[in-house]
Amino acid sequence: MAAETYPDELRYHSEHDWARIEGDEALLGITWFAQDSLGELVHFEPPDEGATITKDASYGEVESVKAVSELISPLSGEVIAVNQKVVEAPETVNEDPYGDGWLVRIRLSEPGEADSLLAAAAYKQLLDEQ
Amino acid sequence: MQTLLRTPLFDRHVALGARMVPFAGWEMPVQYEGVIPEHKAVRTDCGVFDVSHMGELEVEGPRAQALLQSLLSNDLERLEDGQAQYALLTNDSGGIVDDLIAYRLSPFRFLLIVNAANREGDFEWMREREIPGSDVRDVSDEYGLLAVQGPRALERLGLPEAPAFSFAEGELDGIACMINRTGYTGEQGVELMVAVEDAGDLWDRVVARGAKPAGLGARDTLRLEVCYPLHGNDIGPETDAISAGLGWVCALDKDFTGADELRQIKAEGPQRRLVAFVMLERAIPREGMAIDGGGEVTSGTHSPMLDRGIGLGYVPADSGAPGTELTIDVRGRPRRARVVKKPIYKPEEGP
């Protein structure tokens, strides 16, 4: 298990998802808090490559032994890659939620949406208030 | 809001960092370190579960056995002192009020260990049917219960081998307890019934001897791998023992409640069967999912030993043979599974 961290270079959604914005693309994943709450992941149900996903809407699911959790997209765009390593070994998300445990790469359709996401400090404050 | 009950080990679970959840009216540990490591510890070494939430009913009197034989599906005449058997408490239609283990303490005194959620219902059911010379008491609050399970459980506790479903008064490191060769994991092991005031000390001794604390999450994945039914999921008042594959605990030559109905279902053949299945595609079946052709998943999970989705469910009797392919509706996605022989996972040595 990874130690609890919330990297400064990421942007966060209040549903415990993160985005690593790289030009007009972004990697998406779930936060340390999300994977810790779920426990060891045993299934990732990804969207199809080429699918359009929408900010604040579900784009897939992750499951632990006991629970199913919808993935809420922090940004809108087209899925251009799915992390097959997580499909094959979902526990990768628990081991490295911000690195090898990324879930999908998207091409942004509304780059301006990023302005509404939280910086690490604001996301941590949200967790403290819960 | 209903106040949740706590077992005598509650503080120890919290100190170990367990995630506590409501279960059958109790606040219970669902996991400590994680379901998968706890599951694997039980399959490869030894784990300990707090199952003090389970109910204990005592039935005493010169006609205690007569009362029980009129209510329970199994043949109590096969029990001697120090032996236990799995049995069903049945209703008039052959449905399952509860599943339990009956322990013969003496010819005139029996102990029933019952599901936590059914403790009060079972007690009332039996009290209403008491006959002169039999007395039913709920003694659940007097006892704690620890299940110590795994291929190294006996070695770690320093206990000799003994037949499955036997029990005896004994002690562990000086703490008196009843040592039952029973369990819900498919592994060797014991369930230790202890005076409630000694439960904490016994837990500490068992953990010090190397048993890994395991929660209800692992208890569920372990029992599902070996296809032990869970009352409330796989069996219940609306399901009969024959369809559930529990005909082997029904002594149909006896006249217990619902025996006529069960004889009839057996003679005609059940319309549906509780089958075990393994997913052929990546997906985790869950309780309540529809099975194509008129079936339903009653328990589903991820099997830590097989590393794939597994489950139990009712299907029409003609599609219940091992090898039959099923399609399960996983939140709108059709996913293929195959019926397999029970158990889904076979431990190296039985309980």
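## Working through a predicted two-chain model

In helix α3 of chain B, the buried residues are Ala64(B), Gln65(B), Leu67(B), Leu68(B) and Leu71(B). Keep in mind that this is a predicted model. The exercises below begin with that helix and work outwards.

### Exercise 1: the buried side of α3(B)

Task: work out how the buried residues of α3(B) are arranged around the helix axis, and what they pack against.

Solution. Start with the five names above and look down the axis of α3(B). The buried residues fall within an arc of 160°, so they line one face of the helix. Next, find the neighbours: these residues pack against β4, β5, β6, β7 and α4 of chain B.

### Exercise 2: the two sides of α4(B)

Task: sort out which residues of α4(B) are buried and which are exposed on the other side, then find what covers the buried ones.

Solution. Step one is the buried set. Helix α4 spans residues 119-128 of chain B, and Arg119(B), Asp122(B) and Met126(B) are buried there. Down the axis of α4(B), the buried residues sit within an arc of 70°, so they line one face of the helix.

Step two is the other side, where Glu124(B) and Glu128(B) are exposed. A residue counts as buried with 20 or more other C-beta atoms within 10 Å of its own, and as exposed with 12 or fewer.

Step three is the cover. Over the buried residues of α4(B) you'll find, among others, β4 (55-60), α3 (64-71), β5 (84-90), β6 (96-106), β7 (109-114) and β8 (135-138) of chain B. That ties back to Exercise 1, where α4 turned up among the elements that the buried residues of α3(B) pack against.

### Exercise 3: two hairpins in chain B

Task: for β1(B) with β2(B) and for β10(B) with β11(B), give the pairing, one pair of opposite residues, and the turn residue with a positive phi.

Solution. Take β1(B) and β2(B) to begin with. Strand β1 (residues 19-23) and strand β2 (residues 26-31) of chain B are antiparallel and share 5 bridges. Val21(B) has Met28(B) in β2(B) as its bridge partner. The hairpin leaves 2 residues between the strands, and Ala24(B) in the turn has a positive phi of about 50°.

Now for β10(B) and β11(B). Residues 167-172 and residues 175-180 of chain B pair in the antiparallel sense over 6 bridges. Leu172(B) faces Ile175(B) in β11(B). This hairpin has 2 residues between the strands, and Asp173(B) takes a positive phi near 50°.

### Exercise 4: odd backbone spots

Task: place Phe165(B), Asp173(B) and Pro343(B) in the chain, and say what is unusual about the backbone there.

Solution. Phe165(B) lies in the loop between α5 (153-157) and β10 of chain B. Phe165(B) isn't a glycine, yet its phi is positive, at about 65°. Is Phe165(B) buried, exposed or partly exposed? Count the neighbours: with 17 other C-beta atoms within 10 Å, Phe165(B) is partly exposed.

Asp173(B) belongs to the loop between β10 and β11 of chain B. Here too the residue is not a glycine but has a positive phi, of about 50°. With 13 other C-beta atoms within 10 Å, Asp173(B) is partly exposed.

Pro343(B) is in the segment after β19 (333-340) of chain B. The peptide bond between Lys342(B) and Pro343(B) is cis, with omega at about -5°.

### Exercise 5: chain B as a whole

Task: describe the make-up of chain B and decide how its radius of gyration compares with the globule rule.

Solution. Chain B contains 8 helices and 19 strands. Its radius of gyration is 20 Å, close to the 20 Å that the globule rule gives for 351 residues, so chain B is as compact as a globular protein of that length. The C-alpha trace of chain B spans about 55 × 50 × 45 Å along its principal axes. Of the 351 residues in chain B, 48% are buried.

### Exercise 6: a sheet in chain A, and the contact

Task: find the edge strands of the β4-β6-β7 sheet in chain A, then say how many residues each chain brings to the contact.

Solution. The sheet is open, has 3 strands in the order β4-β6-β7 (chain A), and pairs antiparallel. β4 (41-45) and β7 (68-72) of chain A are at the edges with a single partner strand each, so one side of each has no neighbour in the sheet. On average, neighbouring strands of this sheet are turned by 25° against each other, direction ignored. Between β4(A) and β6 (residues 58-64) of chain A there are 4 bridges, and Glu45(A) stands opposite Glu61(A) in β6(A).

As for the contact, 7 residues come from chain A and 11 residues from chain B. On the chain A side, the residues touching chain B are 2 nonpolar, 2 polar and 3 charged.

Notes:
Residues numbered from 1 in each chain as written. Chains lettered and ligands numbered in written order. Predicted model: local features only at pLDDT ≥ 70, side-chain atom pairs only at ≥ 80, totals over all residues. Pairing = 2+ DSSP bridges. Axes fitted to C-alpha atoms, helices over the stretch in contact; angles between N-to-C directions. Nonpolar A, V, L, I, M, F, W, Y, C, P; charged D, E, K, R; others polar. Rg over C-alpha atoms; globule rule 2.2 N^0.38 Å. Arc of directions from axis to C-beta.
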